[in-house]
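Here are my notes from a look through this model, as promised. They cover the charges over rings, the aromatic pairs and the cavities.

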Amino acid sequence: MMLPVRRIFLMAFLRWRISFLVALNLALVATTTTAPSSKLRLYMVRSPETTVAPLGDEVLFECALNVEPERLQWRFRSQSGKGELMYLNETAGYNITFKDGVSKLRIYVSPKTIGEYQCIAWYGASALASVSAKLTLATITLGNDNHIFEQDGFGVNILDGKRRNPPPQIVHWQVSPGNSVIIKCGDIVSNPPPVWSYFKDNTQIRASVLQLSSGALILTSLTQKDSGSYWCSAVNSITGMEIKIPRRTDLNVTNTPKAAPIFLSQPPTVITVKPGATAILECPGVGNPVPKAVWSRPDVSILNNRTLFVPYGLQITKVVPEDRGNYVCRLDNGISPVLIHTIRLDVLEAPAIIEGPRVTLTNETDMLHLDCHAKGYPVPVITWMINGVDVQWDSLIHSNGSSLFIKSVQKRHAGIVQCFAKNAAGEVNEGNLLQVNPKQIPGEIEVSPLGSVPESTKSSIEHAGKQKGTGRKKHKHPVMIPPSRPSVTRLSDESVMVRWSVPSEEGLPIQFFKVQYRMLGDLARKIPRSQWMTCSEDIPPHVRSYEVQGLKPDQLYRYRIAAVYSNNDNKLGNTSGKFHLQKASQLSVAKSHLTAPTLQKVEGVTETAIRLSWGFPSNPPTPIDGFYIHFRPASTAGEYSKAMVDGMHVRHWTMDYLEPGTAYEFKLQSFTASAASEFSAILTGKTLKPPTQAPTITPSVVAASESSQSTSSNLPLIAGGAGGGGLLLLLIILTCVCIKKRKKTQADDGVTESKAHPDHIQAEPNGFPVGGGRVLGSPIHKSSRLNGVVPRMNITANPLAQEGDKKSA
């Protein structure tokens, strides 16, 4: 059958597109000296950087990769624009050059060119995007009450489009000697931050006097010599423009009546710094006598070699993320009331991707789920791109931040998928290959898969081989698609949560899953490597997580998942990476530091499902990975089962596969990879009852005369029937006794026959393969309904499951 040229070209192009990227990635792995990694080996060595520039200046953006692409392009979105970034080209007048693998974009700064820039590298039809860079205008403005004063190019203040001088502001302070004060200059908005100058009675104050970079002058242990009129000026370091702040502070240092501590100006309630910087938490209370400050921090000691108590506050040098939190200043001079002030210290952390998207090979029209997890403070916002295009413009794709869902994978999705993590401290990204196996159309030329796909079982291949040459049409056999590589999360010192997925639903139906694990050896501690252990429970096919208990703390483990299929064969998934089960004492995050969720509503939605709703802060003090849902029937006092909900921003969840018309208790925890919070309050919900159907009764109407006649005439028949029924019952009892005796004889013969054949494979009670790839034992237990995990399990040794030992260490 002849194919249209266009279709043949499309299939050949798609195969080239993916095979080129796969070959390129493998070649890069081969040239590295370290062990191969699952990360994409293409990356930016030069990326555009955020820049501040004045009007009329020229800005240079550069872009280059470790492997030279076929072409490099630039995109732009104006400061006021919305939607996608627009491509720039030389024909439109943009100055773009490419030399020695480096693309350079020169921009003349004007209001039209202020905005966001990004570099796109093309390899065939696949693209890799850089982080975005912002070009902002160097400005300096003054905020005064509800008015904004801005200087024009001549250094003259402008208000409402007219040149005028801002009204002066004079503040009078009268302070008793010995106190300390912080004189604020005023509200200034400058890009970049301004350079400050301070004046007393029109004389510039020398730089040796304590100053804050935010624009404040610190005067400690006041004397009458410090009395005077203070004011400031701010200079933009790029434009050179200066603003003289119209605010004046007249300070009079003199003896005042005795009074409780007060603030002359309200100190800030939030201080934000970068790691390694010095933070000053202001608490400059004044009074007579001079108040003394006592600092504290809930549940944490602040006494260390990096903290210094100063008359105007608390100074912390070389700030680290662990310093983040609330600090309480208590000012007391013996006169009530005591002055209390709380300051929150926020320590920025640049985002870092701890788990990027994995390499995937997906059949066309299948669903695909990818994850990307990042850390940082504030919690990074995660966005996704496929071949340089934001996924929000694709109707087939849904993203909730850390997870990406493609409802139906298409050929256009083949290429490079990237996740970007961004917060106030920076932006990073990580990408990987998204490979698509084209859907076969009847009558087309058979195209080999683009990469490794699950192979058919051995029995299916042999069956196809027997049919070869018989003239019959070969049948397509469903394949056993193995589970994914499991991810592992710590629950306690002796238990973990194992999670997995099944890449495709088009393979053989799965009867149940099995979880295996082994403890790795440690030569330094003389700990031998254990055999693979198999969980005794048959995990239902709808469950994708499992709690493994009875582990040893401070040990290394590996995990793997096996699926048992409808043909009674099984297949193992890939083995997890090494997982160190740390003790709670070794971890830095304590349970008390995690915010507990608030369970708000529990309601039945179907006969087997209950919907949960809860509250949780959008920006908690400690970022979390998700939530644990603990549940059990309300009529029992047994242990709780656990289900896991990934994602910090999820607020609703539907628990399925529950018993109809049954009440359940629920409680929640938030968790990270190393700890879990306190429990929420317990709420009870009940699944809906199944509809009841009244029994069908067929009424019969009998005349009164007929009833009396039949009763009298049927008495002999009733007596005869009773006698016959007794004889029939006796005959049934004798028959059952004979059959039972015969079965016992056959069972004894079976035992003898088994002993006479030592090569016969015996079935183990856990129903897992013990030899030859066969699965022995009973199928899934249909009587138990499980949601998310099996509540308890027994670990049994499975010494015959060592067939995978050679595959994984």
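1. A word on terms to start: a charge sits over a ring if NZ of Lys or CZ of Arg is within 6 Å of the ring centre and within 35 degrees of the ring normal. Lysine 667 fits, lying over the face of phenylalanine 679 at 4.0 Å from the ring centre. Do keep in mind that this is a predicted model.

2. There's an arginine case too. Arginine 560 has its charged end over the ring of tryptophan 532, and the distance to the ring centre is 3.8 Å.

3. On to rings with rings: I'd point you to two of the 13 aromatic pairs in the structure. Take phenylalanine 76 and tyrosine 117, whose rings are 4.7 Å apart centre to centre, with 35 degrees between the planes, making the pair tilted. Phenylalanine 76 belongs to strand β4 (residues 71-78) and tyrosine 117 to strand β8 (residues 115-123), so this pair ties together parts that are 41 residues apart in sequence.

4. Are those two rings buried or exposed? Phenylalanine 76 has a relative accessible area of 12% and tyrosine 117 has 1%. Buried means under 20%, so phenylalanine 76 is buried, and so is tyrosine 117. Ring pairs also join Phe76 and Tyr117 with Phe61 and Trp74 in a cluster.

5. Next, tyrosine 517 and tyrosine 557: this pair is tilted, at 5.8 Å centre to centre and 50 degrees between the planes. Distant parts of the chain are linked here, with tyrosine 517 in strand β46 (residues 510-519) and tyrosine 557 in strand β49 (residues 555-565), 40 residues apart. Tyrosine 517 counts as buried at 7% relative accessibility, and tyrosine 557 does at 2%.

6. What about empty space inside? Searching the whole structure turns up two cavities of 30 Å³ or more. The largest has a volume of about 40 Å³. Its lining is made up of Trp173, Val181, Ile182, Phe263, Leu264, Ser265, Pro284 and Val286. By class, that lining has seven nonpolar residues, one polar and no charged ones.

7. The second largest cavity comes in at about 30 Å³. Which strands each supply at least two residues of its lining? They are β16 (181-184), β22 (228-235) and β24 (247-253). Among the lining residues are Lys184, Arg247 and Arg248, along with Tyr230 and Trp231. The class split for this lining is five nonpolar, one polar and three charged.

Terms used
Residues are numbered from 1 along each chain as its sequence is written. This is a predicted model: local features need pLDDT of at least 70, side-chain atom pairs count only at pLDDT 80 or more; totals for chains, interfaces and linings use all residues. Side-chain values use heavy atoms; hydrogens and water are left out. On a 1 Å grid over the protein atoms alone, a cavity is a set of points where a 1.4 Å probe fits but cannot get out, and a pocket is an open set with protein on both sides within 12 Å along at least five of seven lines; lining residues have an atom within 4 Å of a point. Grid points are joined across faces, edges and corners, and a volume is the space filled by probe spheres set on the points. Ala, Val, Leu, Ile, Met, Phe, Trp, Tyr, Cys and Pro count as nonpolar, Asp, Glu, Lys and Arg as charged, and the others, Gly among them, as polar. Helices (H or I, at least four residues) and strands (E, at least two) are DSSP runs, numbered from the N terminus. Rings of Phe, Tyr and Trp (its six-membered ring) pair if their centres lie within 6.5 Å; planes under 30 degrees apart count as stacked, over 60 as edge-to-face and the rest as tilted. Buried means under 20% relative accessible area, exposed over 50%, partly exposed in between (1.4 Å probe, protein chains only).
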